[in-house]
Amino acid sequence: MASELNQNQLQLAGDLEIEMMTDLYKKMTNSCHKKCVIPRYKDAELTKAESVCIDRCVAKYMDVHDRIGKQLASMTVQQQSGVDVDPSKIVGSY
Amino acid sequence: MFGFGGSNKSATNTPTQPPTPSFEDQVPTLREFLREYNRISEVCFNDCINDFSGKAGVSSAEGLCVGFCLEKFLKVTQRISQRFQEHQMLMNENQMIVGKKTGLFK
């Protein structure tokens, strides 16, 4: 079927995934740093509170990312079913 | 399929299909979509999640906030794009008028 990807396409998809995970990681690091670290540097150690906050922050960030992904996916499906995506019908109109 | 048997056209002549975009062609669009997805996650996380004291994950209020945030984000993007297009059209029209006045177009 057309959905099968060849070696080159798999490589492209893999690269894209790495790129996006890197982007996500950067954004999450920024957000959690901003939200959890109090910008007064009397000590080089992470406080207990900061450590716990960071752990929860990462968990919550991934959770939010997941939720948004699911919602976006369901919206896309809704849109497509509204437009009628049956490929044979699209072919027929040409 | 193509490249073979050029002599008997009628037999190999398939109905003209719309060129289905290859995966390679879709990569830029996909990349843009995924970047946008990451950005929405960032914005909505920053705006909706501010409490890290509880042990539980995302609370129901936070979840609701994230959902609204996503929908609003998309509406904002859509509206900005519409207004921008209108702006572009106006600019083009004005340029045409100026061009006609200065005799660039006849």
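**Entry 1. H1(A) against H2(B)**

I began with the pair H1(A) and H2(B), and I recorded the two helices as roughly parallel to each other, since the angle falls under 35 degrees. The model I am reading is a predicted one. For this pair I noted that the axes come within 10 Å and cross at roughly 15°. H2 of chain B covers residues 23-48. I entered the crossing of H1(A) and H2(B) as right-handed.

I then listed the residues that make this contact. From H1(A) I wrote down Gln9(A), Leu12(A), Leu16(A), Met20(A), Asp23(A), Leu24(A), Lys27(A) and Ser31(A). From H2(B) I wrote down Phe23(B), Glu24(B), Val27(B), Leu30(B), Arg31(B), Leu34(B), Arg35(B), Asn38(B), Glu42(B), Phe45(B) and Asn46(B). By class, I found nine nonpolar, four polar and six charged residues in the contact of H1(A) with H2(B).

**Entry 2. The contact between the chains**

Next I looked up the whole contact between the two chains. Chain A contributes 28 residues to it, and chain B contributes 27 residues. On the side of chain A that touches chain B, I found at least two residues from each of helix H1 (7-36), helix H2 (48-83) and helix H3 (87-92). Which helix gives the most to that side of chain A? I noted H2(A), with 14 residues. Sorted by class, the side of chain A that touches chain B holds 17 nonpolar, five polar and six charged residues.

**Entry 3. Chain A**

I turned to chain A by itself. Its secondary structure consists of three helices and zero strands, and I read the order from the N terminus as α-α-α. Chain A has 94 residues, of which 13% count as buried.

I checked the UniProt record for this chain. The record, an unreviewed entry, lists "domain: Tim10-like" at residues 13-73 of chain A. I computed this span as 82% helix and 0% strand. The C-alpha atoms at the ends of residues 13-73 are 18 Å apart.

I selected Arg56(A), which sits in helix H2 of chain A. Is Arg56(A) buried or exposed? I entered Arg56(A) as buried, because 21 other C-beta atoms lie within 10 Å and the cut-off is 20 or more. I also looked up its separation from Cys32(A): the two residues are 24 apart along the chain, and their C-alpha atoms are separated by 9.3 Å.

**Entry 4. Chain B**

For chain B I again counted three helices and zero strands. The elements of chain B run α-α-α from the N terminus on. Of the 106 residues in chain B, 12% are buried.

In the UniProt record, also an unreviewed entry, I found "domain: Tim10-like" placed at residues 29-86 of chain B. Residues 29-86 of chain B are 81% helix and 0% strand, and the end C-alpha atoms of the span lie 24 Å apart.

**Entry 5. H2(B) against H3(B)**

I examined a helix pair within chain B. The axes of H2(B) and helix H3 (residues 60-101) come within 9 Å and cross at roughly 135°. I therefore recorded H2(B) as oblique to H3(B). I noted a right-handed crossing where H2(B) passes H3(B).

On the H2(B) side, the contact is made by Ile40(B), Val43(B), Cys44(B), Asp47(B) and Cys48(B). On the H3(B) side, I listed Glu62(B), Cys65(B), Val66(B), Cys69(B), Leu70(B) and Phe73(B). The contact of H2(B) with H3(B) divides into nine nonpolar, no polar and two charged residues.

**Entry 6. Two residues of chain B**

I looked up Glu36(B), which has its place in helix H2 of chain B. With 14 other C-beta atoms within 10 Å, Glu36(B) is partly exposed. I took its separation from Ile97(B) as well: the two are 61 residues apart in sequence and 37 Å apart in space, C-alpha to C-alpha.

Where is Ser22(B) found? I located Ser22(B) in the loop between helix H1 (9-12) and H2 of chain B. I entered Ser22(B) as exposed, because the cut-off is 12 or fewer and Ser22(B) has 10 C-beta neighbours inside 10 Å. From Ser22(B) to Leu34(B) I recorded 12 residues in sequence and 18 Å in space, C-alpha to C-alpha. Leu34(B) is one of the H2(B) residues in the contact with H1(A).

Notes
Residues are numbered from 1 along each chain as its sequence is written. Chains are lettered from A and ligands numbered from 1 in the order in which they are written. This is a predicted model: local features need pLDDT of at least 70, side-chain atom pairs count only at pLDDT 80 or more; totals for chains, interfaces and linings use all residues. Two residues are in contact if their C-beta atoms, placed from the backbone, lie within 7 Å. Helices (H or I, at least four residues) and strands (E, at least two) are DSSP runs, numbered from the N terminus. Ala, Val, Leu, Ile, Met, Phe, Trp, Tyr, Cys and Pro count as nonpolar, Asp, Glu, Lys and Arg as charged, and the others, Gly among them, as polar. Axes are lines fitted to C-alpha atoms, for helices over the stretch in contact, and angles run from 0 to 180 degrees between N-to-C directions. Angles under 35 degrees count as roughly parallel, over 145 as roughly antiparallel, 65 to 115 as roughly perpendicular and the rest as oblique. A crossing is left-handed if the near helix is turned anticlockwise from the far one by less than a right angle, and right-handed if clockwise. UniProt positions are given in the numbering used here, feature names are shortened, and annotations may be inferred rather than shown by experiment.
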